[in-house]
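User: Please take a close look at the nonpolar core of this chain. I am new to this structure, so set the core in the context of the whole chain as well.

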Amino acid sequence: MQIRDLLALDDLRLILLAGETQAEITGALITDLPDPGRYLSGGELVLTGMMWRQEPADSWRFVDILVRGGVAALAAGDAKLGHIPEDLLAACRERGLPLIEVPVEVSFGAVTEAVTRRLAGAQAGDLRRALGRHRRIVAAVAEGASLTELCALMSAELGVTGAVVSAAGTVIAGSLPEADASRLAAEFLGAVRLPLVTAGPYTIFAVDRAHRAAGWALVCGGELDPEIGYELASCVALERTRMEGGRRVERRLAEQLIALATAGTADLSELSARLRTCGIDAGEPYAVVSATVAEPSADPAVLGGQVVEELLDRRVVAAAAADGAIALVPLRAGTAAAVAAALTARVAALPGVAVSIGVSAALTGPAAIRGGVEEAGHARRMAEARGGGVVTSAEIYTHELLLATVPGDVRRSFSERLLDPLFAYDRKHQADLVRTLGTFLDCAGSWNTCAEHLHVHVNTVRYRIRRVEELTGKDLSAMADRVDLYLALRAS
């Protein structure tokens with residue numbers, strides 16, 4: 001309510017002595033403390049009997065405290081002095097604080113009750129209007145409104161700008177600057193607790209209980225009331241559930257295609273028909289993507305499929321396979337390398353999420369599916385050996401593929417048996433045998449080139465390599481022994 005609404009109440013007979021009447025009153029406070037500042041939150045009507053006033057200067061101090069506290073108005077009773085002192089009137093006029101005289105026969109309790117009653121009525125009206133707006137939004141979503149329509153309704157009905165953002169930083173619906181979308185997605189993934197109010201300002205809500213790496217966030221402009229945000233997030237979750245219903249059918253079709261192709265028992269005509277069902281023509285190029293996510297609380301293949309779908313903006317579906325999710329990605333306007341590059345950039349934007357992805361070369365026709373699945377799987381296992389990331393088919397035809405397929409305990413044992421004597425020698429003598437060995441092998445066994453890289457004399461290199469041979473029992477003039485030590489270094 002405004003000050004003028006209070007003055008219009010005839011039974012109170014309040015008189016405005018100074019100031020304007022447009023200020024909003026948010027509550028009432030009765031006090032005779034000389035300094036009530038700690039009890040002020042702004043917008044109050046302060047009622048006082050002026051027991052704090054001992055001299056004219058007290059009025060100025062009291063008014064300054066109220067102005068700093070952001071109160072709406074001061075209502076003074078004249079029971080103590082029989083009138084409102086000129087010094088209080090002057091202080092209020094000087095500081096721009098509305099001053100109201102409360103007649104001696106009107107109690108402060110009556111004024112407080114009137115303020116409380118009017119505010120409660122206004123809040124009830126606001127609540128009824130808000131509930132009405134929420135019901136209209138929920139009803140629209142229940143009737144099939146899209147996420148874009150939901151964001152438009154949020155703006156029209158609640159005055160709230162909003163957007164739905166994936167963990168990969170894609171704006172699924174609504175409007176949000178690209179830089180903000182990436183930053184907010186990262187904050188969504190890293191938040192200890194949601195909702196989160198962040199720079200902008202924005203308030204971030206989780207849409208559902210999905211793992212955050214595959215989840216969506218509702219981002220609302222400003223500091224939104226949590227109850228309203230939860231309700232809007234539930235509306236987004238309802239629409240996502242509807243969308244997931246259709247995708248589950250598509251995933252089953254993709255799973256059947258992958259199972260038949262890898263089994264090698266289906267004829268090409270059946271595979272071609274199933275490939276078209278998955279949205280890829282028989283003569284159209286595509287790449288196979290294999291993915292897992294290292295997450296103790298989730299199935300690596302299932303979560304990997306969900307994450308790769310989001311990373312590719314839900315343009316594909318991922319089939320759950322035995323050791324990882326498999327997706328067939330059409331290459332209508334790009335290459336397998338471009339798909340890998342896009343995935344690499346987006347995986348890098350997922351902090352703290354160990355996503356491992358393998359990408360095959362470009363393929364054509366149903367007969368190539370089986371080989372593509374094997375190729376993408378090998379690449380993905382190499383990515384897993386590296387602790388996550390994206391590996392393409394071009395990288396797997398090296399010794400790294402062999403190392404990636406060897407069990408970790410075997411790799412460690414092989415490396416330790418050959419290199420532990422060198423590490424122990426380096427620690428004891430402050431030597432540099434391990435680095436010298438690596439540089440020597442990278443330089444194809446050239447003494448002079450190795451010495452130049454290490455910035456030492458060539459005789460120093462010769463001495464160190466002899467010590468390596470003595471400690472490992474290997475002859476670095478023999479190719480087989482060089483290979484053993486090279487692989488040991490790479491496996492460590």
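Analyst: The core is described below, followed by the chain around it.

This is a predicted model, in which local features need pLDDT of at least 70 and side-chain atom pairs count only at pLDDT 80 or more, while totals for chains, interfaces and linings use all residues. Residues are numbered from 1 along each chain as its sequence is written, and side-chain values use heavy atoms, without hydrogens and water.

A nonpolar core here is a set of buried Ala, Val, Leu, Ile, Met, Phe, Trp, Tyr and Cys residues joined through side-chain atoms within 4.5 Å; buried means under 20% relative accessible area (1.4 Å probe, protein chains only). The largest such core has 44 residues, and the members that touch the most others are V307, L343 and I357. Beyond its neighbours within four places in sequence, V307 is in contact (heavy atoms within 4.5 Å) with A213, A214, V293, L350 and V355. A second core, separate from that one, has 21 residues, among them L419, L422, Y425 and C443.

As for the whole chain, 46% of its 492 residues are buried. Among contacts with a separation of 6 or more, 61% join residues 24 or more positions apart. The C-alpha atoms fill a box of roughly 115 × 70 × 35 Å along the principal axes.

The chain contains 17 helices and 16 strands, taken as DSSP runs (H or I, at least four residues, for helices; E, at least two, for strands). Its radius of gyration, taken over C-alpha atoms, is 37 Å, well over the 23 Å from the globule rule for 492 residues, so the chain is more spread out than a compact globule. That rule is 2.2 Å times the number of residues to the power 0.38.

How values were computed. Buried means under 20% relative accessible area, exposed over 50%, partly exposed in between (1.4 Å probe, protein chains only).
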